[in-house]
Amino acid sequence: MKKNIQVFDNVLQLIGNTPLIKLNRMTADYDGEFFAKVEAFNPGHSSKDRIALHIIEEAERQGVLTPGDTIIETTSGNTGFSIAMVSIIKGYKCILAVSSKSSADKIDMLKSMGAQVYVCPAHVSADDPRSYYEVAKRLHEETKGSVYINQYFNQLNIDAHYHSTGPEIWEQTEGQITHLIACSGTGGTISGTAKYLKEQNPNIKIIGVDAYGSVLKKYHETREFDHDEIYPYRIEGLGKNLIPTATDFDIIDEFVKVTDEESAHAAREISRTEGLFVGYTSGAAMQAIKQLNEAGEFKPGDKVVAIFPDHGSRYMSKIYSDKWMDEQGFFDSKKVSTIETIQY
Ligand code: PMP
């Protein structure tokens, strides 16, 4: 077995070049070959390492940032963790304005990575001065030598994936990829990766994954913002209640919507059958593959790549908790065996 025996100067050198791993069991009966781009292999355990590093290094190139300066963002999720990690190595302060809905675990995780966390009330509107958007904007205006990452509206988010994820997948599939399947949140992953891939071969089909309760699929089809599409859902990091400029809707061929319940079961199935411990949206991407397969999308010879954005460890109190699954009613309709703990 080949092992990576290289020595690295710091953890940032391990960002990107994530493995493409064949899905052997879950797609065994499907036409075509199916691969996962497993982004949990990034040192911050998600695809967001790529954008954190790219956006911060771009600010350095433009002379906006010098050591001791401050990076600001509004997220308690993967992006916050990645920015905190990059900030440590490069010597920046990291400020994250998060919603009071964020779990204590998530806030502790960000603090463990040295971030200064501002917890802002969740119940106020986005333009309220106390909202995490407004707090981040104000801190950015007031802090000399600060960069506001603003991932939903930053073109460098697309750029990061255009320069890394896209070329990696092209090389790993030796130019044979026929379909790209990626969850869309900010849209940076799908838009940047698709831009590179379509430049190599415009026939590659680009399929976005959206959540029920999000406006993206409808907006893609109508270019109209339909408020009725928006309602609460559980998957984090997928779908949106606004239209991000970091999404290039023209490059996406089609969106598939997936449910909270089926995505949660799909993530658990990937862990148990493929031995890949992945996050909730990886389950969403897998669920999209299942639905597309049922719709007859794939044929023999196809090479399908799905992006699996993050690691399962971030969801221990959610999809990997039988108690949580039960509370959501996710075990009601589907008789799924859970593994009993044996008290000895
Ligand atoms: N999955 C997870 C877990 C995420 O955190 C995100 C980012 N919001 C996505 C998928 C979607 O990636 P992108 O923002 O690049 O569309």
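Visitor: Which residue places a side-chain N or O atom 2.7 Å from a nitrogen atom of the ligand?
Guide: Good place to start, and please keep in mind that this model is predicted. A polar contact needs a pair of N or O atoms within 3.5 Å. A ligand nitrogen has such a partner at 2.7 Å, in the side chain of Thr281.

Visitor: How much of the ligand's area does the protein bury?
Guide: Start with the ligand on its own, which exposes 390 Å². Of that area, the share buried by the protein is 94%.

Visitor: Which residue offers a polar backbone atom to an oxygen atom of the ligand?
Guide: Let's turn to the backbone. A backbone N or O atom of Gly237 lies 3.2 Å from a ligand nitrogen, so Gly237 pairs with a nitrogen here. The ligand oxygen has a polar backbone atom 2.7 Å away, and that atom belongs to Gly185.

Visitor: How many residues of the shell around the ligand are polar?
Guide: There are 15 residues around the ligand, and Gly185, Thr186, Gly187, Thr189 and Thr281 come nearest. Glycine is counted as polar in this grouping. The shell has three nonpolar and three charged residues, and the number of polar ones is nine.

Visitor: Is Glu39 buried or exposed?
Guide: Glu39 sits in the loop between strand S2 (33–38) and helix H1 (48–61). Buried means under 20% relative accessible area. Because Glu39 has 1% relative accessibility, it counts as buried.

Visitor: Which side chain makes a polar contact with the side chain of Glu39?
Guide: Beyond its neighbours within four places in sequence, Glu39 is in contact with several residues, including Thr18, His45, Arg50 and Phe308. The polar contact between side chains is at 2.7 Å, and the partner of Glu39 is Arg50.

Visitor: What is the relative accessibility of Ile71?
Guide: Ile71 lies in strand S3 (residues 70–73). Not counting residues up to four places away in sequence, Ile71 touches Ile56, Leu65, Ile83, Val147 and Ile149, among others. Ile71 counts as buried because its relative accessibility is 0%.

Visitor: How far apart are the end C-alpha atoms over residues 12–310?
Guide: An unreviewed UniProt entry annotates residues 12–310 as "domain: Tryptophan synthase beta chain-like PALP". Over that stretch the chain is 38% helix and 17% strand. Its end C-alpha atoms are separated by 17 Å.

How values were computed: Residues numbered from 1 in each chain as written. Predicted model: local features only at pLDDT ≥ 70, side-chain atom pairs only at ≥ 80, totals over all residues. Heavy atoms only, no water. Near = heavy atom within 4 Å. Polar contact = N/O pair within 3.5 Å; in protein donor to acceptor, adjacent residues only side chain to side chain. Areas by Shrake-Rupley, 256 points an atom, 1.4 Å probe, with all protein chains shown as cover. UniProt positions renumbered as here; feature names shortened; annotations may be inferred. Helix = DSSP H or I, 4+ residues; strand = E, 2+ residues; numbered from the N terminus. Buried < 20%, exposed > 50% of the residue type's maximum accessible area, 1.4 Å probe, protein only. Contact = heavy atoms within 4.5 Å.
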